[in-house]
Amino acid sequence: MIACSDGAIGGAASAIVAPMVRDGLYDKSDTTTTTQNSDGSATQTTSYENPFYNALVTGASMLAGGSLAGAAGQNSMGGLTTAENEALNNALSAKQKQLLAHAFSFEAQPAGSITQSDAANTLAALKLAQNDPSLTSTERGYFTSATLSVYQAGIQAGALSANNVGALVSAAIGSMAFSGGGSVQLPGGASQSNVLPTTSGSRTSVAIGNATNTPSGSYTIYPLGSGASTGPLPPGYTMVTRWVSPDEASQWLANQGTAIPSGIGAGGRVYVTTPGAPQPGGTGPVQINFAMPQSAISQAGNAQWGQIFQPVTSTPIYNTTIVVPKGITIPGH
Amino acid sequence: MKFINVTPEYGLLVRRDALAERGVSLETLLAIMKVAVPLDSNDRLISFGPSFGQEALDELVKALSGLGLQYFDDFVEIVGDYPAWCSFKVAYAGDKD
């Protein structure tokens with residue numbers, strides 16, 4: 001029998017994980033310089049200078065070691081739990097606390113409920129939040145802890161990997177970015193409340209807790225995160241709208257808006273409208289917008305209505321958003 | 001007999017006299033149906049539709065019942081799968097002329 005101390009287990013795991021995570025995050029974006037030596041040989045030096053990635057590398061190494069140590073009977077999450085308590089009881093703004101609370105909630109989520117998009121969007125929001133120059137080093141540490149928490153939960157759930165997290169976070173940030181700078185009034189007159197300070201003169205809107213306010217007396221839920229609610233559609237797809245009850249909206253949330261839930265639509269017919277069409281009589285107050293293959297939609301009722309014949313649960317849908325009038329609650333959300 | 005147009009695509013037919021009998025205004029009925037005008041009407045009948053599928057029709061039936069209108073006596077749905085080249089009209093049975 002071979003005995004090995006917890007420290008040895010953790011150290012070995014860290015040594016293996018750190019280069020993997022580092023290389024995955026940088027994905028060839030590191031800086032490589034070649035220096036010519038006096039004896040004619042050359043020394044190649046690779047610099048890893050992205051502080052966010054470096055924090056992830058360090059944290060991932062610690063967590064990898066901690067995970068194995070935890071399997072040997074230690075509490076690998078003890079440090080993060082302390083950080084959570086401190087972070088959620090300090091003087092950060094409500095929005096920052098909300099973001100941290102959402103990030104730390106990943107730990108408690110069942111692995112199957114963690115989505116790649118939500119994890120990537122949350123990591124992106126955390127990364128941007130850390131750019132706030134008014135943060136103290138301790139407060140910045142809270143965001144680092146939250147980042148590690150999301151990262152570890154995402155890895156364990158299979159939603160993230162060391163090879164894809166860097167690209168996913170970058171894409172999420174890109175999807176959040178606006179040109180210009182400063183906070184502006186939205187068309188409906190409501191202020192854009194979910195603006196976090198950023199650097200580089202750009203303004204960035206961040207979805208906090210998977211929901212943002214909209215200016216029309218309603219709020220929008222992004223089942224897969226705001227980053228997955230926009231973007232180019234596959235060929236042949238078109239946006240449609242379905243008006244539903246809060247109970248049906250709950251079913252769409254349960255499958256994270258990735259497909260039309262089974263059993264939706266009386267008689268196996270799912271009625272939809274073109275985006276912006278008037279709300280039909282007899283429909284519920286919650287508006288679900290999503291992209292569906294045009295070929296799956298048959299004409300119904302009038303030129304602005306269509307019907308989709310179930311089952312279509314194997315047909316992926318995209319850019320799903322759920323618009324809920326204020327005062328209405330979606331069960332389970 | 002005076003016929004009005006109806007639709008079998010989750011249509012609804014309302015007996016006009018029932019509105020007065022139950023104290024329901026036409027404005028209230030139109031608001032429930034979320035339309036500015038019915039599909040068709042005469043001095044005996046009012047028709048609505050198409051509705052937004054069976055679920056919407058079920059909700060409309062509930063809403064009309066909630067106004068005090070009696071299902072079958074005062075209003076009834078018209079539902080059927082027919083090709084677009086079929087059109088349907090309905091007359092009030094009490095009209096003999």
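Here a trainee and a mentor talk through the sheet of chain B and its contact with chain A.

Mentor: A note before we start: this is a predicted model, in which local features need pLDDT of at least 70, side-chain atom pairs count only at pLDDT 80 or more, and totals for chains, interfaces and linings use all residues. Residues are numbered from 1 along each chain as its sequence is written, with chains lettered from A and ligands numbered from 1 in the order in which they are written.

Trainee: What makes β2(B) and β5(B) a pair?

Mentor: Two strands pair if DSSP finds at least two bridges between them. Four bridges join β2 (residues 11–15) of chain B to β5(B), so the two pair, and they run antiparallel. G11(B), for instance, stands opposite I78(B).

Trainee: Which strand does β2(B) meet through L13(B) and S47(B)?

Mentor: That is β4(B), where S47(B) stands opposite L13(B). Four bridges link β2(B) and β4 (residues 45–48) of chain B, again antiparallel.

Trainee: Why are β3(B) and β5(B) called edge strands?

Mentor: The open sheet has the order β3-β4-β2-β5 in chain B. Both β3 (40–41) and β5 (75–78) pair on one side only.

Trainee: How do you know that β2(B) is mostly covered?

Mentor: A residue is buried if 20 or more other C-beta atoms, placed from the backbone, lie within 10 Å of its own. Four of the five residues of β2(B) are buried.

Trainee: What makes residues of chains A and B count as a contact?

Mentor: Their C-beta atoms, placed from the backbone, must lie within 7 Å. The contact takes 16 residues from chain B and 14 residues from chain A. On the chain B side, α3(B) gives the most, with eight residues.

Note on methods. Contact = placed C-beta atoms within 7 Å. Buried ≥ 20, exposed ≤ 12 C-beta atoms within 10 Å, placed from the backbone.
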